[in-house]
Every structure is written in structure tokens, then in C-alpha cells.
Amino acid sequence: MSEQNPAPQQETASAQPVFSVEKLYVKDLSLEVPHAPKIFLEQETPEVDMRINTTASKIEENFFECVVTVTVTAKLADNRVVFLNEVSQAGIFRLENIPEDDVNVLLGVACPNILFPYAREVVSSTVTRAGFPPVLLAPINFEAMFSQAQEEQAAA
């Protein structure tokens with residue numbers, strides 16, 4: 001009787017859901033300071049605007065790439081750009097034995113939640129290295145973004 005137990009355990013173990021981070025990397029990074037060096041003499045505090053975009057694609061069986069792109073633009077009141085910083089933080093994720101609906105949620109919510117802190121650090125570091133005070137980005141609610149995108153898709 002004890003010989004019959006290992007086989008079913010092995011079958012259920014192989015069918016266990018797998019969600020793992022295989023690789024994290026900066027896919028693209030750019031910084032523009034179009035009015036340097038004169039912009040450093042400005043005393044005015046710029047208005048900072050942040051835009052975020054997420055994408056996900058299957059790269060092969062059970063492996064997906066998710067990319068969080070953060071664009072931060074600082075402008076003065078006269079619309080002169082102080083700096084423009086864009087970071088695409090990416091990751092390769094392994095998703096195996098997971099229902100399709102759950103795969104979409106993981107790629108739309110969980111993966112961006114993992115990637116965003118890395119993107120936030122790259123933005124802060126890059127802007128600081130350019131000679132500006134660090135930009136500290138607030139956390140993002142990717143679940144709300146995903147739900148809104150799903151509602152918009154259903155309406156269309």
C-alpha cells in the first residue's frame with residue numbers, strides 16, 4: 001500500500017502552479033535635459049508629470065515578458081522641459097499550470113507590482129545623476145489599472 005502513494009504525489013506535484021521571476025532587467029532607459037546647462041540656474045520648482053504603461057507578451061511556452069514603462073517629465077510654468085526620463089523595467093516570468101484567466105491577472109497585476117519598485121529606483125537614480133533632486137514616485141495600484149482596462153475592453 002505504501003508503494004501506491006508515491007506515484008499520485010508525483011503527479012500532483014508536477015501539476016502544481018508555478019509563478020516565478022526568472023530575470024529582471026532594464027530594457028530601455030533614456031534621459032533628456034534639453035535646456036542644459038541654463039536650466040540648472042532656474043529657481044522655479046518644476047511641475048512633474050508621470051505616465052505609466054504596462055505590456056506583457058508570451059516569449060515561449062510558460063515564459064512571459066512583462067514590461068513597466070515609466071515616463072517622468074518635469075516642466076517649468078513656461079512649458080520648458082527641465083528633464084524627460086523614460087525607463088522600461090522588464091522581467092521574464094515563468095507561469096506554469098495556471099488557468100488562463102489567472103495568467104492575465106498575474107501579468108496585469110502581480111508582475112507590474114514586482115517590477116515597479118525597480119523602475120522607481122532607476123528613475124530616482126537617473127534623475128539624481130543628472131544633477132536634479134531625486135524624484136520619489138508614489139506607489140501604483142496596478143489592480144485598479146487592470147480592472148479599468150478590463151472594463152474599457154469589455155465596453156469596446
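This is a short walk through the structure shown above, from the whole chain down to a few single residues.

Okay, hi everyone. One thing up front: what you're looking at is a predicted model. So let's begin with the overall picture.

The protein chain has three helices and four strands. If you trace the chain from the N terminus, the elements come in the order α-β-β-β-β-α-α. Now, is this thing a compact globule or more spread out? It's more spread out, because the radius of gyration is 21 Å, well over the 15 Å that the globule rule gives for 156 residues. Along the principal axes, the C-alpha atoms fill a box of roughly 80 × 40 × 25 Å. And 31% of the 156 residues count as buried. About 10000 Å² of the chain is exposed, with carbon and sulfur atoms supplying 51% of that. As for contacts with a separation of 6 or more, 69% of them come from residues 24 or more positions apart.

Right, on to the sheet. In what order do the four strands sit? It's 1-4-3-2, in an open sheet with antiparallel pairing. Strand 1, residues 18–32, and strand 2, residues 47–60, are at the edges; each has a single partner strand, so one side of each is left without a neighbour in the sheet. From one strand to the next, the twist averages 15°.

Let's take the two edges in turn. Strand 1 pairs with strand 4, which is residues 81–96, in the antiparallel sense over 13 bridges. If you'd like a spot to click on, find Val21: its bridge partner in strand 4 is Phe93. Over at the other edge, strand 2 and strand 3 also run antiparallel and pair over 13 bridges. There you can look at Thr54, which stands opposite Val68 in strand 3. Strands 2 and 3 make a hairpin with two residues between them, and in that turn Asn62 has a positive phi of about 70°.

So what packs on this sheet? That's helix 2, residues 100–129, which touches strand 1, strand 2, strand 3 and strand 4. Its direction makes about 140° with that of strand 4.

Now let me zoom in on one residue, Thr71, which lies in strand 3. Buried or exposed? Thr71 counts as buried, because its relative accessibility is 17% and the cut-off for buried is under 20%. Its side chain makes a polar contact of 2.7 Å with the side chain of Glu86. Leaving out residues up to four places away in sequence, Thr71 touches Asp49, Met50, Arg51, Leu84, Asn85 and Glu86.

Last stop: some backbone oddities in the loops. As background, most residues other than glycine have a negative phi, and most peptide bonds are trans. In the loop between strand 1 and strand 2 you'll find Pro37. The peptide bond joining Ala36 and Pro37 is cis, with omega at about 5°.

Then there are two asparagines. Asn79 sits in the loop between strand 3 and strand 4, and its phi is positive, about 70°. With 57% relative accessibility, Asn79 counts as exposed. Asn97 is in the loop between strand 4 and helix 2, and has a positive phi as well, about 60°. Asn97 is partly exposed, with a relative accessible area of 39%.

That's the tour. Thanks, everyone!

Methods: Residues are numbered from 1 along each chain as its sequence is written. Side-chain values use heavy atoms; hydrogens and water are left out. Two strands pair if DSSP finds at least two bridges between them. Axes are lines fitted to C-alpha atoms, for helices over the stretch in contact, and angles run from 0 to 180 degrees between N-to-C directions. Contact means heavy atoms within 4.5 Å. The radius of gyration is taken over C-alpha atoms; the globule rule is 2.2 Å times the number of residues to the power 0.38. Buried means under 20% relative accessible area, exposed over 50%, partly exposed in between (1.4 Å probe, protein chains only). Accessible areas come from the Shrake-Rupley method with a 1.4 Å probe; for residues, only the protein chains shown count as cover. A polar contact is a pair of N or O atoms within 3.5 Å; within protein, one must be able to donate a hydrogen and the other to accept it, and residues adjacent in sequence count only if both atoms are side-chain atoms.
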